[in-house]
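Subject: Structure handover

Hello,

Here is the structure I said I would pass on. My notes follow below it.

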Amino acid sequence: MGLFARAEKREYPPVPDNIYFLEIAEIKQKLGKSSGKPYLNWKFKIAQAPLVGQFVWGITSPVITPKSRLGQWLTVLGVNLAEVDENYNEQALVGRYIKGFVKTTENEDGQAFTNVHELLEMTEVDKQILQQFLAQANTAKVA
């Protein structure tokens with residue numbers, strides 16, 4: 001008997017359309033399958049119960065303008081767009097928390113995709129609520 005095993009596809013509970021606290025888990029550049037054009041694939045981890053730890057994704061163009069999705073997301077994350085160039089370290093954003101609007105859409109083939117459509121600024125109250133969620137999650141891990 002061999003040592004290798006196929007990974008089982010994990011089924012996650014559906015993520016209802018809503019605003020969630022998210023942690024930026026990963027930002028990677030990828031190429032579109034049909035277009036061949038580069039895009040940025042953002043991986044976010046939900047930071048609130050009951051979906052703590054579940055991943056959702058968002059896609060942006062790598063081109064920054066004040067009106068582009070990338071420009072809007074960076075602005076919400078507190079990044080000064082005037083300081084961003086090809087040497088900017090986008091990985092410095094990994095681990096940061098933000099609010100995001102998560103929405104499920106379907107393509108022409110009926111496949112459903114749950115993605116982050118918009119990032120939203122965090123108020124002081126949001127930051128306090130997030131701290132409570134994170135404290136509860138850490139307490140649950142210890143228990």
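A residue is called buried here if its relative accessible area is under 20%, and exposed if it is over 50%. Phe 44 has a relative accessibility of 0%, so Phe 44 counts as buried. Please keep in mind that this is a predicted model.

Strand 2

Phe 44 sits in strand 2. Between its C-alpha atom and that of Asp 126 there are 17 Å in space, with 82 residues along the chain separating the two.

Asn 41 belongs to strand 2 as well. Its relative accessible area is 10%, which is under the 20% limit, so Asn 41 is also buried. Leaving aside residues up to four places away in sequence, Asn 41 touches Glu 26, Ile 27, Lys 28, Lys 30, Trp 57, Gly 58 and Ile 59.

The loop that follows, between strand 2 and strand 3 (55-60), contains Pro 50. The peptide bond leading from Ala 49 into Pro 50 is cis, and its omega is near 5°. Most peptide bonds are trans.

The chain as a whole

The chain has 5 strands and 2 helices. Read from the N terminus, the order of the elements is β-β-β-α-β-β-α. Along the principal axes, the C-alpha atoms fill a box of roughly 55 × 45 × 35 Å.

There are 143 residues in the chain, and 29% of them count as buried. The exposed area of the chain comes to about 10,200 Å², of which 53% is supplied by carbon and sulfur atoms. Among contacts with a separation of 6 or more, 46% are between residues 24 or more positions apart.

Strand pairing

Strand 4 (residues 97-106) pairs with two other strands, strand 1 and strand 5. Strand 1 and strand 4 run antiparallel and are joined by 6 bridges. In this pairing, Glu 23 stands opposite Tyr 97 of strand 4.

Strand 4 and strand 5 (residues 112-120) are also antiparallel, with 8 bridges between them. Here Phe 101 is placed opposite Glu 118 in strand 5. These two strands form a hairpin, with 5 residues between them. In the turn, Gly 110 has a positive phi of about 85°. Most residues other than glycine have a negative phi.

The second largest pocket

The volume of the second largest pocket is about 280 Å³. Which elements give two or more residues to its lining? They are strand 1 (18-31), strand 2 (38-46) and helix 1 (69-76). Strand 1 gives the most, with 3 residues.

In total, 16 residues line the second largest pocket. Those that lie nearest its centre are Leu 40, Pro 62, Ile 64, Leu 70 and Glu 90. By class, the lining consists of 10 nonpolar, 4 charged and 2 polar residues.

To recap two points for when you open the file: the bond from Ala 49 to Pro 50 is cis, and the lining of the second largest pocket includes 4 charged residues.

Regards

Notes. Residues are numbered from 1 along each chain as its sequence is written. This is a predicted model: local features need pLDDT of at least 70, side-chain atom pairs count only at pLDDT 80 or more; totals for chains, interfaces and linings use all residues. Side-chain values use heavy atoms; hydrogens and water are left out. On a 1 Å grid over the protein atoms alone, a cavity is a set of points where a 1.4 Å probe fits but cannot get out, and a pocket is an open set with protein on both sides within 12 Å along at least five of seven lines; lining residues have an atom within 4 Å of a point. Grid points are joined across faces, edges and corners, and a volume is the space filled by probe spheres set on the points. Helices (H or I, at least four residues) and strands (E, at least two) are DSSP runs, numbered from the N terminus. Ala, Val, Leu, Ile, Met, Phe, Trp, Tyr, Cys and Pro count as nonpolar, Asp, Glu, Lys and Arg as charged, and the others, Gly among them, as polar. Two strands pair if DSSP finds at least two bridges between them. Buried means under 20% relative accessible area, exposed over 50%, partly exposed in between (1.4 Å probe, protein chains only). Contact means heavy atoms within 4.5 Å. Accessible areas come from the Shrake-Rupley method with a 1.4 Å probe; for residues, only the protein chains shown count as cover.
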